[in-house]
Amino acid sequence: MGSEHTAKAFDTDLQELTRLVAEMGGIAERMIVDSVDALIRRDVALGQRVVTIDADLDALQKKIEERAVLTIARRQPMAVDLREIVGAMRVATDLERIGDLAKNMGKRVAALETDFHPLKLFRGLEHMTDLVQQQVKSVLDAYAAHDLPAAMAVWKGDEEVDAICTSLFRELLTYMMEDPRNISFCIHLMFCAKNIERIGDHATNIAETVFYMIEGQAITDKRPKGDMTTFATTVPNT
């Protein structure tokens, strides 16, 4: 009876962790979309809302960490059960970082005080955001369903985001060379494009966590990446 009660209690703890991760995922997805929307529409109020809501994401990540540590201490899980808890903590960490990247974009909205409104650049940014937001949604669904093929599809899809980012970067360089007055605006967009690309990297991290949870080991294959060398040397980490 004791072991059955412990198993039920562990399942309850795990369900609560999964629920909290799903709540975090919903907020993070919304932040990605809203931060880019705010940039494109120059909506300072929406950008500020993204900045403000990041505190909710941080609080949830701390709650997941505390709950996970408590569950490990109380239930002393082994093997696959322990991986489930470690997995929840890892995913929460990646979602918290996704929130930070969206917040950074939200903060940049107020700095875009210019009449320069290049539709081609914005379309590229929107397309890249759609791809990354879908990656995040798909990988969170894969995490919740323990769907390894779906997680691996996200893991393999990162190259497309990198290719769009590199193309966008080249366009931005062209605009900057054509008119020095565009430089400040274009640099802000460069950082935003890089942030979106990094969000894609965090989706890939989550896919690797799903692999670890199910297979009990890390992925040994090299992570697929597009050629970001030019971008990496020009846009520093923030």
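**View 1. Two annotated stretches are built mostly of helix.** Over residues 22–109 the chain is 93% helix and 0% strand. The C-alpha atoms at the two ends of residues 22–109 are 28 Å apart. Residues 125–210 are 92% helix and 0% strand. Here, too, the end C-alpha atoms are 28 Å apart. The two ranges come from UniProt, where an unreviewed entry places the feature "domain: PhoU" at residues 22–109 and 125–210. The model shown in every view is predicted.

**View 2. The largest nonpolar core has 71 residues.** Leu95, Leu125, Val136 and Ile199 touch the most other members. Seven helices are drawn into the picture: α1 (2–41), α2 (44–75), α3 (79–108), α4 (119–145), α5 (148–156), α6 (158–178) and α7 (183–215) each give two or more residues to this core. Which helix gives the largest share? Helix α7 does, with 15 residues. In soluble globular proteins, nonpolar side chains tend to be buried together.

**View 3. Valine 136 and its contacts.** Leave out residues up to four places away in sequence, and valine 136 touches Glu29, Ile32, Ile98, Ile199 and Ala203. One of these, Ile199, is also listed with Val136 among the core residues that touch the most other members.

**View 4. Cysteines without disulfides.** The disulfide count is 0. Cysteine 165 is in no disulfide, and its nearest cysteine sulfur, in cysteine 192, is 11 Å away. Why is cysteine 186 not bonded to cysteine 192? Its sulfur is 12 Å from that of cysteine 192, the closest one, and this is too far for a bond. A disulfide needs the two sulfur atoms within 2.5 Å. Cysteine 165 is buried, with a relative accessible area of 0%. Cysteine 186 is buried as well, also at 0%.

**View 5. A salt-bridge network that includes Arg19.** The structure holds 13 salt bridges. Glu16, Arg19, Glu23 and Arg67 are linked in a network of them. Within this network, arginine 19 and glutamate 16 meet at 2.9 Å, N to O. They sit 3 residues apart in helix α1, so about one helical turn separates them. Arginine 19 is partly exposed, at 40% relative accessibility.

**View 6. A salt bridge in helix α7.** Lysine 194 and glutamate 197 join side chains at 2.8 Å, N to O. Both lie in α7, 3 residues apart, about one turn of the helix. Are these two residues buried or exposed? Lysine 194 counts as buried, at 10% relative accessibility. Glutamate 197 is buried too, with a relative accessible area of 2%.

Key:
Residues are numbered from 1 along each chain as its sequence is written. This is a predicted model: local features need pLDDT of at least 70, side-chain atom pairs count only at pLDDT 80 or more; totals for chains, interfaces and linings use all residues. Side-chain values use heavy atoms; hydrogens and water are left out. A nonpolar core is a set of buried Ala, Val, Leu, Ile, Met, Phe, Trp, Tyr and Cys residues joined through side-chain atoms within 4.5 Å. Buried means under 20% relative accessible area, exposed over 50%, partly exposed in between (1.4 Å probe, protein chains only). Helices (H or I, at least four residues) and strands (E, at least two) are DSSP runs, numbered from the N terminus. Contact means heavy atoms within 4.5 Å. UniProt positions are given in the numbering used here, feature names are shortened, and annotations may be inferred rather than shown by experiment. A salt bridge is a side-chain nitrogen of Lys or Arg within 4 Å of a carboxyl oxygen of Asp or Glu.
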